[in-house]
Amino acid sequence: MPIYEYKCERCNEEFEKLIYGDTSVKCPKCFTEEVTKKFSLFGMSGVEKQTSSGCASCSSGSCSSCK
Ligand SMILES: [Zn+2]
């Protein structure tokens, strides 16, 4: 269940929205569909795990204990 963060191109309102399938996203303030998707919160935490960890076999974030 992905949560996306959007920014409205018209009024610069920033908001988050859960997306189910083909839901069209509208600004909650001015109701335009001219919104920009910023990032997925779930996707970002996944990327963060991959880049902050030094090796693939340890999940602690630092490899000081597995070397
Ligand atoms: Zn707006």
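Helices, which need at least four residues, and strands, which need at least two, are taken here as DSSP runs and numbered from the N terminus. On that basis, the protein that I am showing this morning has 1 helix and 3 strands, and read along the sequence it follows the pattern β-β-β-α. Please keep in mind throughout that this is a predicted model, and that every value I quote has been computed from it.

Let me begin with confidence. The mean pLDDT of the protein is 77, with 55% of the residues reaching 70 or more. Where is the confidence lowest, and where is it highest? The lowest mean, 50, belongs to helix H1, residues 41–52, while the highest, 92, belongs to strand E2. Over residues 46–53 the pLDDT is below 50, and this stretch has 3 contacts in the model beyond near neighbours in sequence. I will therefore leave the helix aside and spend my time on the strands and the loops, given that H1 is where the mean confidence is lowest, at 50.

As for the chain as a whole, 6% of its 67 residues count as buried. If we take the contacts between residues at least 6 apart in sequence, 36% of them join residues at least 24 apart.

Now to the pairing of the strands. E1, residues 3–8, and E2, residues 14–18, pair in the antiparallel sense over 5 bridges. To give one example from this pairing, Tyr 4 has Lys 17 in E2 as its bridge partner. The hairpin that E1 and E2 make has 5 residues between the strands, and Asn 12 in this hairpin takes a positive phi near 65°. Asn 12 has that positive phi although it is not a glycine, and it sits in the loop between E1 and E2. Is Asn 12 buried or exposed? With 9 other C-beta atoms within 10 Å, Asn 12 is exposed, because 12 or fewer is the cut-off for that class.

Strand E2 itself, for which the mean confidence is highest, is hardly covered, in that the count of buried residues among its 5 residues is 0. Leu 18, which lies in E2, illustrates this, since it has 9 C-beta neighbours inside 10 Å and so counts as exposed. Across to Glu 5, which is 13 residues away along the chain, the C-alpha atom of Leu 18 is separated by 8.9 Å.

Let me turn next to the segment before E1, where Pro 2 is found. Pro 2 has 11 other C-beta atoms within 10 Å and is therefore exposed. Which separations relate Pro 2 to residues further along the chain? Between the C-alpha atoms of Pro 2 and Ile 19, which are 17 residues apart in the chain, the separation is 6.1 Å; between those of Pro 2 and Tyr 20, which are 18 residues apart, it is 8.1 Å. Tyr 20 lies in the loop between E2 and E3, and with 8 C-beta neighbours inside 10 Å this residue, too, counts as exposed.

That loop between E2 and E3, the latter covering residues 35–40, holds two further residues that I would like to point out. Lys 29 is placed there, and its 12 C-beta neighbours inside 10 Å make it count as exposed, because the exposed class takes in residues with 12 or fewer. Which residues does Lys 29 touch, once those up to four places away in sequence are left out? They are Cys 8, Cys 11 and Glu 13. From Lys 29 to Phe 15, 14 residues apart in sequence, the distance is 9.8 Å, C-alpha to C-alpha.

The other residue is Phe 31, also in the loop between E2 and E3. Phe 31 has a positive phi of about 65° although it is not a glycine, and it is exposed, with 9 other C-beta atoms within 10 Å.

To draw this together, we have a predicted model in which E1 and E2 form an antiparallel pair over 5 bridges, in which 6% of the residues count as buried, and in which the mean confidence runs from 50 in H1 to 92 in E2.

Key: Residues are numbered from 1 along each chain as its sequence is written. This is a predicted model: local features need pLDDT of at least 70, side-chain atom pairs count only at pLDDT 80 or more; totals for chains, interfaces and linings use all residues. A residue is buried if 20 or more other C-beta atoms lie within 10 Å of its own, exposed if 12 or fewer, and partly exposed in between; C-beta atoms are placed from the backbone. Two strands pair if DSSP finds at least two bridges between them. pLDDT is the predictor's confidence in each residue, from 0 to 100. Two residues are in contact if their C-beta atoms, placed from the backbone, lie within 7 Å.
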